[in-house]
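Visitor: I would like to see how the labels on a structure follow from the numbers behind them. Could you take me through one?

Guide: Gladly; here it is.

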Amino acid sequence: MIAKRPEILSAARCRLGPAASPWSSLQPVEGIVSTQYHYYLMFRRSWFTFKIGAACVSLCALMLLWPRCSDAQSDPNPQAQSQQSPQQLHVTQYTLPPEKLAKAEALYRTRVVLYLIDLVFGILVLWVLLRLQIAPAFRDLAERVAKNTFVQTLIFVPLLILLLSLVSLPIDIYGHHVSLAYGLSIQSWGSWFGDWCKAEALELILLVPTVFALFRIIRRSPRRWWFYFWLLALPFMIFLVFVAPVVIDPLFNKFEPLEKTDPQLVTAIEKVTRRGGLNIPPNRMFEMEASEKVTTYNAYVTGIGASKRVVVWDNTIRDMTVPEILLVFGHEMGHYVLDHIYKGLAFIALLMLAGLWLGRRIAIAFLGRWGAQWNIRGITDLAALPVLMLTLSLLMLVGEPVGNAFSRHLEHEADRYGLEVTHGIFPDNGEVAASALQKLGEKYYDYPTPNRLLVFWSYSHPPTADRIRFALTYDPWDSPKGPKYVK
Ligand SMILES: [Zn+2]
């Protein structure tokens, strides 16, 4: 679904965006408007997370970008639209009215620039950090203070991660500024910063034991640690996915059972779940109070096993017609029924295995070449953590299009499922889907004709224009083959 801390950055990564929480990027979620490949990012931003950007360079970039963004006026009264009952739009293709198109184009450019800054400076900052021997200084301090390796990690990791977070804070702040300027977010700076702090704290709580375990394994088995660490990381990752909707999400947003907030909608949804031959119990359907923080629409599936659930944002329910909501729900149900969370987890596990195997080799090569110059004793040295982070971030740069291609495939199948499962429940469901997608696109100022290379590299969902075209033309019911999922 949503975006990461600099909402606008993730919006660049795919096309839609604002986060309900800075933490949301860490969640394994399959949404209707997901802004990035969540499993991928969960990995990217968990133990090897580094919110990046050289402070000075990003500040220069921000100064260049600021005036353009300020031109974009936010909707003076975003709540005003909600007073009218929602209407279905007549859509034949994805287009925006001229005023929105101009904003969408400006926002698109901003997102692309921020996306590139995020990519390039992430790597540059780590490089500079290594050149300046900052990690060895933190390591020396930790070793002076304590003999115990866990205590050393407890000192080293927060120092390193907070430094990296602070360096990237200007980008995060700018991202929120843009979201406010375009009316995507209405979250106050105080609340936003509160979320930022919570996300930092959570990150450290997860990172300290992870890094401790990583270096313990590296020291025990310098040749095979990549495999043992992967084995250990898998159950940890699954556990995180399991607890995220119950423990982590409520830290940032309020959730109510849909049965309580909108029982009529639950009744309508049950028609769809019955049509799909599936029983999603009403206690697995939630409404999220997104309207406290953002103006945008979304819905997503999250969790596994007993915590698996469908979540719909209140904005979506407020501004969409019942058939449109059912289509959105049908898409989410597709993720649920087609086990996209599990498939995503399996996919990320494979990428992780390959990344760790290759990462070890590259990190050792880096250390052989520059280790002495960087004052790092070897791969078993805690100060080698930024080297591992650098290696992984380089690999992820290459892996990003692979992850996104997989995500786009899942999203396309969820769109197909949504159309099939709502077929016959109400008339012209392709047109209803097109209307829902048009509303999503307009709300996020989704640029109608993004660069194809950017789509290939960074979009977690197919472009809106493609999705609308598919919705309007998908008609398997008269063909001999018939529908793929819901017969
Ligand atoms: Zn989706």
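Visitor: What sign does phi take at asparagine 375, just after H13?

Guide: This is a predicted model, and in it asparagine 375 takes a positive phi of about 65°. Asparagine 375 is not a glycine, and its place is the loop between H13 and H14.

Visitor: Why is asparagine 375 called partly exposed?

Guide: Count the C-beta atoms around it: asparagine 375 has 16 others within 10 Å. A residue needs 20 or more to be buried and 12 or fewer to be exposed, so asparagine 375, with 16, is partly exposed.

Visitor: Let us look at the helix before it. How far apart are the end C-alpha atoms of H13, and how far would a straight helix reach?

Guide: Helix H13 covers residues 340–374, which is 35 residues. At 1.5 Å a residue a straight helix would reach 51 Å, yet the end C-alpha atoms of H13 are only 43 Å apart. There is also a bend in H13, of about 55°, at glycine 368.

Visitor: Which other residue has a positive phi although it is not a glycine?

Guide: Glutamine 133 is one, with a phi of about 55°. It belongs to the loop between helix H4 (98–131) and helix H5 (134–145).

Visitor: What makes glutamine 133 partly exposed?

Guide: Glutamine 133 has 16 other C-beta atoms within 10 Å. That value lies between the limits of 12 and 20, so glutamine 133 is partly exposed.

Visitor: Now a pair of helices, please. At what angle do H6 and H7 pack?

Guide: Helix H6 (residues 149–181) and helix H7 (residues 189–220) pack at about 145°, and their axes are 9 Å apart. The crossing of H6 past H7 is right-handed. On the H6 side the contact includes Phe150, Leu154, Val157 and Ile161, while the H7 side includes Trp192, Trp196, Leu204 and Leu207.

Visitor: How do the residues of the contact of H6 with H7 divide by type?

Guide: They divide into twelve nonpolar, three polar and three charged. Asp172 of H6 and Glu200 and Glu203 of H7 are in the contact, and Asp and Glu count as charged.

Visitor: How do you know that leucine 207 is buried?

Guide: Leucine 207 lies in helix H7. Inside 10 Å it has 21 C-beta neighbours, and the cut-off is 20 or more, so leucine 207 counts as buried. Leucine 207 and isoleucine 161 are 46 residues apart in sequence, with their C-alpha atoms 9.0 Å apart in space.

Visitor: What makes tyrosine 445 buried, given that it lies in a loop?

Guide: The label rests on the neighbour count: tyrosine 445 has 26 other C-beta atoms within 10 Å, and 20 or more is the condition, so it is buried. Its loop runs between H15 and helix H16 (452–458). Leaving out residues up to four places away in sequence, tyrosine 445 touches Lys100, Lys103, Ala104, Leu107 and Tyr182. Tyrosine 182 is 263 residues from tyrosine 445 in sequence and 8.5 Å from it in space, C-alpha to C-alpha.

Visitor: Why does isoleucine 425 count as partly exposed?

Guide: Isoleucine 425 has 17 C-beta neighbours inside 10 Å; buried would need 20 or more and exposed 12 or fewer, so partly exposed is the label. Isoleucine 425 sits in the loop between helix H14 (385–422) and helix H15 (429–443). Beyond four places in sequence, it touches Lys271, Val272, Arg275 and Leu326.

Visitor: And why is lysine 254 partly exposed?

Guide: Lysine 254 has 13 other C-beta atoms within 10 Å, and a residue is exposed at 12 or fewer, so lysine 254 is partly exposed. Lysine 254 is in the loop between helix H8 (225–252) and strand E2 (255–257). From lysine 254 to methionine 288 is 34 residues in sequence and 5.8 Å in space, C-alpha to C-alpha.

Visitor: To finish, how many helices and strands are there in the protein?

Guide: There are 17 helices and five strands. Of the 487 residues in the protein, 50% are buried. Among contacts between residues at least 6 apart in sequence, 79% join residues at least 24 apart.

Terms used. Residues are numbered from 1 along each chain as its sequence is written. This is a predicted model: local features need pLDDT of at least 70, side-chain atom pairs count only at pLDDT 80 or more; totals for chains, interfaces and linings use all residues. Helices (H or I, at least four residues) and strands (E, at least two) are DSSP runs, numbered from the N terminus. The expected span of a helix is 1.5 Å times one less than its number of residues. The bend at a residue is the angle between axes fitted to the seven residues ending there and the seven starting there. Axes are lines fitted to C-alpha atoms, for helices over the stretch in contact, and angles run from 0 to 180 degrees between N-to-C directions. A crossing is left-handed if the near helix is turned anticlockwise from the far one by less than a right angle, and right-handed if clockwise. Two residues are in contact if their C-beta atoms, placed from the backbone, lie within 7 Å.
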